[in-house]
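Please work through the exercises below with the sequence and the coordinates open beside you. Each task is followed by a solution that proceeds step by step.

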Amino acid sequence: MTAICTVIIFLLMVSVHEFGHFIVAKKSGMEVTEFAIGMGPAILKKEKGGTLYSIRILPLGGYCRITDELTEDASAFVHPVWKRFLMIIAGPVLNVVLGFVLILILVSISGGFMSTEIAELSKGAHMEEAGFKEGDKIIKINDSRIFFYEDITFAQNDFEKNKPIRITVKRGKEKISAEVMPTESITTYQYNNDGIKIINITGENREEDFIPYSDEVPRENFPVGTEEVSQRLIMGFVAAKEKPDPVNVMYQSVCYTGFVVKLVYKSFVMLVTGQVSMDNVSGPVGIVQQVNDAVHSGFRYILNLSALLTINLGVFNLLPVPALDGGRLVFIFIEFIRRKPVPPEKEGMVHAVGMILLLLFAAFISYKDVMKIITK
């Protein structure tokens, strides 16, 4: 099942990506010589309208071969810059659109989701002292705008002990802002046969709290009776829950898609600047491991992972790295500024070097993924 799901996810992501290039190229009058699903020898193929459509034996990837010949004086491409820009960007954009559709399905079938409205203020937290009330809607934390609940959880990652945070809420038509000290939450919980038993939260006995295993709360591979302690800084409130309806489902889906896009870019910046360790990066092997975990956790986890991966693929492809779509956009931008293209052989050399470096990077990450599995 893991193998089947992995193949379907990879094939869907890459096929949608290449279809984005293909459809815009066709509509722009570019010559598309082949559109292939899969790699290796063709098992089914048909030529139509000057394009060879093929399904190939290895269901890992695909490609769209576009001819982009130079004019006789070799000073400019046949197709204008804006058409090639749209053709290149269409692949990553369609990946993000696919992610949005999957998230829309996921949100639609959920029983509800957390909102930014305060339903209850936690005992011992500082929000009540600062004058916040039930019914307030959080719209800003420090300098970060809050659009949906995940923005709050993301902002909490930057909280520091003994450093106040500024919370802005909307109460009716009024906006209220105050500084609040984050609350330290220490939760002790225990894995049982049927679910997770909450023993205490910040010293308060909570042994009656029990969370059964489900699609939302999968069973981890911990021995029965294992206890864990989770320590984090929180704001100190319980969010109100919203029931799905057409309006808030669409809103949540748009917000979550934008959130993932932002998260991918921020993660890349943190990786480049050394704020995140290479140990947190996963390659093909790590992704298969994640698919395996999702398969054992339920359909919603597979759907969520598929959405995250396809958006990740789309956003990653737009990075200004040679051999990626973003790298090709850089050359288009240079051509637009210079009013003439970079010689194809030089651009090809840059992309070839970029591809070699990407393959070496993938091999390195895959090695680390394998070692994680072996030493786990």
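The exercises that follow concern a predicted model, and they go from the whole protein to single aromatic rings.

**Exercise 1. Describe the protein as a whole: how many helices and strands are there, and what share of the residues is buried?**

Solution. Begin with the secondary structure, where the protein has eight helices and 13 strands. Next, turn to burial: of the 376 residues in the protein, 38% are buried. The accessible surface amounts to about 21,700 Å², and carbon and sulfur atoms account for 61% of that surface. Finally, take the contacts between residues at least 6 apart in sequence, among which 64% join residues at least 24 apart.

**Exercise 2. Determine whether Ser15 is buried or exposed, and find which residues Ser15 contacts beyond its neighbours within four places in sequence.**

Solution. First locate the residue: Ser15 belongs to helix α1, which covers residues 2-27. Then compare its relative accessibility of 16% with the cut-off, under 20%, so that Ser15 counts as buried. Lastly, once the neighbours within four places in sequence are set aside, the contacts of Ser15 are with Phe35 and Ile37. Phe35 also takes part in an aromatic cluster, together with Phe19, Phe22 and Tyr53.

**Exercise 3. Classify the geometry of the aromatic pair of Phe154 and Phe259, and state which helices hold the two residues.**

Solution. A search of the whole structure returns eight aromatic pairs. For the pair of Phe154 and Phe259, the centres are 5.6 Å apart and the planes meet at 90°, which makes the pair edge-to-face. Phe154 is in helix α3 (residues 149-156) and Phe259 is in helix α4 (residues 246-272), so this pair ties together parts that lie 105 residues apart in sequence. Both residues are buried.

**Exercise 4. Explain why the pair of Tyr256 and Phe259 is stacked, and work out what separates the two residues along helix α4.**

Solution. The ring centres of Tyr256 and Phe259 lie 6.2 Å apart with the planes at 20°, and because planes under 30 degrees apart count as stacked, the pair is assigned to that class. Along helix α4, the two residues are three residues apart, and therefore about one helical turn separates them. As for burial, Tyr256 is buried with a relative accessible area of 17%, while Phe259 counts as buried at 10% relative accessibility.

**Exercise 5. Find which ring lies under the charged end of Arg339.**

Solution. The ring is that of Phe336, and the charged end of Arg339 sits over this ring at 5.1 Å from its centre.

Key:
Residues are numbered from 1 along each chain as its sequence is written. This is a predicted model: local features need pLDDT of at least 70, side-chain atom pairs count only at pLDDT 80 or more; totals for chains, interfaces and linings use all residues. Side-chain values use heavy atoms; hydrogens and water are left out. Helices (H or I, at least four residues) and strands (E, at least two) are DSSP runs, numbered from the N terminus. Buried means under 20% relative accessible area, exposed over 50%, partly exposed in between (1.4 Å probe, protein chains only). Contact means heavy atoms within 4.5 Å. Accessible areas come from the Shrake-Rupley method with a 1.4 Å probe; for residues, only the protein chains shown count as cover. Rings of Phe, Tyr and Trp (its six-membered ring) pair if their centres lie within 6.5 Å; planes under 30 degrees apart count as stacked, over 60 as edge-to-face and the rest as tilted. A charge sits over a ring if NZ of Lys or CZ of Arg is within 6 Å of the ring centre and within 35 degrees of the ring normal.
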